[in-house]
Amino acid sequence: MKQIFFSITFALSPAVSQAAAPAAGAEAPALKSAPSEELSSLAKSLFKGLKKNKGMKLAVLEFPYAGGGGVSAGPAVVQERLTTELAQYKDLTLIERALLTKVLAELKLQASGAIDDDSVKKLGRTLGADALVLGTLNDLKDGRAEVNARAVDTETGKILAAASAAISRTWGDSPVTPPKDFGAKPLVQVAVLLDTSNSMDGLINQARTQLWKIVNELVTAEKSGSRPSIEVALYEYGNSTLSRDSGWVRQVTPFTADLDKVSSALFALRTNGGEEYCGQVIKDAVEGLKWSPKTDVYKAIFIAGNEPFTQGPVSFSEAAAEAKAKGIFVNTIYCGSRQQGLAQQWKTGADLADGDYTNIDQSAVNYEIASPQDDRIAQLSSQLSDTYVAYGASGADRLESKKAAVAEVRGAGKAVMAERAAFQAAAPSAARADASWDVVSAIESGSLKKEEVEADKLPAELRKLDDKARAKYIDDKLAERRKIKEEINRLQAERRAYLAAEEKKSSASNTLDKAMIDSIRRQAKARGYSFQQ
């Protein structure tokens, strides 16, 4: 069959509805959008040019901004809606977006229309596609955008048709190229979105006990000779105690480097029945958090739940497109069987933002491997807590909160305590997070010099000392902390090697930590990070 490359121009409406879930076991197709007279008409015109070749396979690429480099949801929105319209014609077969993305990556091509004739031919052959659909976008005034498109024969590279039209610009972001970040302070931002409806207690328990193991994976990452600062945000959704007006969604914590705060928030979560709106919570996280605009920051959303991904008034396809426009991976974790998650479109949600789909057994009993190092690391963790010295008006309160968080983790088991201690010892961001209230952390992180310490901001017992004795006390705490951290780091290296060997022997169920760590390693590498083996 002759291969043809099509490019068209069309108008589209903002209304989008989500498709019914496919049969269990089937890969979810592209979502069906609400009828649009302009888009339907243009899709129909395209179909007329194709219908003489029944069974033709099409692959729809993104529609990039003509100037290149624009960060916008527009290219993916146009691609998604056009795919949806064309999928309604039974004589056409649409290449699934996941396969298209995979092949583009293998061929080292961009998911846009900016490809040369040789690439068009290669892509057509590899996909087995009889036609490719692509074009470009340009912003106009008054919330409009121009779509320019061409039809090109994939065998000859000849332009067969061209058209253009002005459409309503229904995506909210601006096509502005963000600044790059190649400095000495790499950053990781991870937002965790947890379903807290009834029956999800197992998921919450896994999050509580596995948070430190997950972030410790990031501690082993390195870029430009530096370990990253790690910020974590937490959302809950699907809980009937939340506000109906919010779509049953709550931001529990914004991005913070104080992971004890995140840990305490996890211990405070309670489940209750509700409506689980995945599109809503993704959109809220994308728009409500302070994501870095820099292009080489590893930014990821992990959403976990067990209801259809299609629920709620917000289109998850558009929420995912908005995330992708900001360089945010969206990873979906279905709490149940893999086939059921496919049927309920969790994989589709991940594919739309270049994320991973996986399933876990949220009811699995937490499987912990005890290591020979756990007892000693737990002891050192308690000693590390004794090196804090409250500083400033909030110092005493923050110290008490820190002690309460440590007590919660201690109650979760020695392995969890060891993971937390390992993070506190190895992560540069741990000291920076405590620098606002702990004078030892402030000096350790470089945010305060010893000669700048104000005596009246220290505890009463230190204010009574003379300058020399006070300085010696702080120096002793710094030396003690340094020694404790060195021992924890040494023991953690031994512990990681021991656990890696033991986990190879284990047949434990797939759990939240395994799902997240696999994605973190793969995606962070794409942002320039390397990991210890």
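This section describes the fold, cores, voids and selected residues of one protein.

The model is predicted. The protein contains 18 helices and 15 strands. It has 533 residues, and 54% of them count as buried. Contacts between residues at least 6 apart in sequence were examined for their span. Of these, 78% join residues at least 24 apart. The protein exposes about 22900 Å². Carbon and sulfur atoms supply 50% of that area.

The largest nonpolar core has 48 residues. Leu194, Tyr298 and Phe423 have the most contacts inside this core. Helix H5 gives the most to the core, with nine residues. Another core, of 30 residues, lies apart from it. Val249, Val281, Leu342 and Leu352 are among the residues of that second set. In soluble globular proteins, nonpolar side chains tend to be buried together.

Leu194 was examined further, with neighbours within four places in sequence left aside. Its contacts include Leu203, Ile204 and Ala207. Leu194 also contacts Leu234, Tyr235, Glu236 and Tyr237. Leu266, Leu269 and Ala304 complete the list for Leu194.

Four cavities of 30 Å³ or more were counted. The largest cavity holds about 130 Å³ of space. Its lining comprises 14 residues. Val192, Leu211, Ile214, Val232 and Met516 lie nearest the centre of this cavity. Two or more lining residues come from each of strand S8 (187–195), H5, strand S10 (229–237), helix H6 (259–268) and H18. H5 supplies the largest share, five residues. By class, the lining of the largest cavity has 14 nonpolar residues, no polar residues and no charged residues.

The second largest pocket was also examined. About 770 Å³ of space lies in this pocket. Its lining has 26 residues. Glu217, Thr220, Arg496, Ala500 and Arg521 lie nearest the centre of the second largest pocket. Helix H5 (201–219), helix H13 (414–426), helix H17 (467–505) and helix H18 (512–526) each give two or more residues to the lining. H17 gives the most, with ten residues. By class, the lining of the second largest pocket divides into eight nonpolar, six polar and twelve charged residues. H5 and H18 each give two or more residues to the lining of the second largest pocket, and each also gives two or more to the lining of the largest cavity.

Thr220 is one of the residues nearest the centre of the second largest pocket. Thr220 sits in the loop between H5 and strand S9 (221–222). Its relative accessible area is 8%, so Thr220 counts as buried. Residues up to four places away in sequence were not counted among its contacts. On that basis, Thr220 touches Arg496, Arg521, Ser530, Phe531 and Gln532. Arg496 and Arg521 also lie nearest the centre of the second largest pocket. Thr220 and Gln532 are 312 residues apart along the chain. Their C-alpha atoms are nevertheless separated by 5.6 Å.

Asp296 is part of the loop between helix H7 (278–288) and strand S12 (298–305). Its relative accessibility is 8%, so Asp296 counts as buried. Asp296 and Tyr529 are 233 residues apart in sequence. In space, the C-alpha atoms of Asp296 and Tyr529 are 9.3 Å apart.

Lys477 belongs to helix H17. Lys477 has a relative accessible area of 13%, which means that this residue counts as buried. With its neighbours within four places in sequence left aside, Lys477 is in contact with Asp386, Thr387, Val389 and Val440. H17 is also the element that gives the most to the lining of the second largest pocket.

Backbone angles were considered next. Most residues other than glycine have a negative phi. Trp248 is not a glycine, yet has a positive phi of about 60°. Trp248 lies in the loop between S10 and strand S11 (249–256). Its relative accessible area is 11%, so Trp248 is buried. Asp354 also has a positive phi, near 60°. The loop between helix H10 (346–351) and strand S14 (357–360) holds Asp354. At 29% relative accessibility, Asp354 counts as partly exposed.

Notes: Residues numbered from 1 in each chain as written. Predicted model: local features only at pLDDT ≥ 70, side-chain atom pairs only at ≥ 80, totals over all residues. Heavy atoms only, no water. Helix = DSSP H or I, 4+ residues; strand = E, 2+ residues; numbered from the N terminus. Buried < 20%, exposed > 50% of the residue type's maximum accessible area, 1.4 Å probe, protein only. Contact = heavy atoms within 4.5 Å. Areas by Shrake-Rupley, 256 points an atom, 1.4 Å probe, with all protein chains shown as cover. 1 Å grid on protein atoms, 1.4 Å probe; cavity = no way out; pocket = protein on both sides within 12 Å on 5 of 7 lines; lining within 4 Å. Points joined across faces, edges and corners; volume = space filled by probe spheres on them. Nonpolar A, V, L, I, M, F, W, Y, C, P; charged D, E, K, R; others polar. Core = buried A, V, L, I, M, F, W, Y, C linked by side-chain atoms within 4.5 Å.
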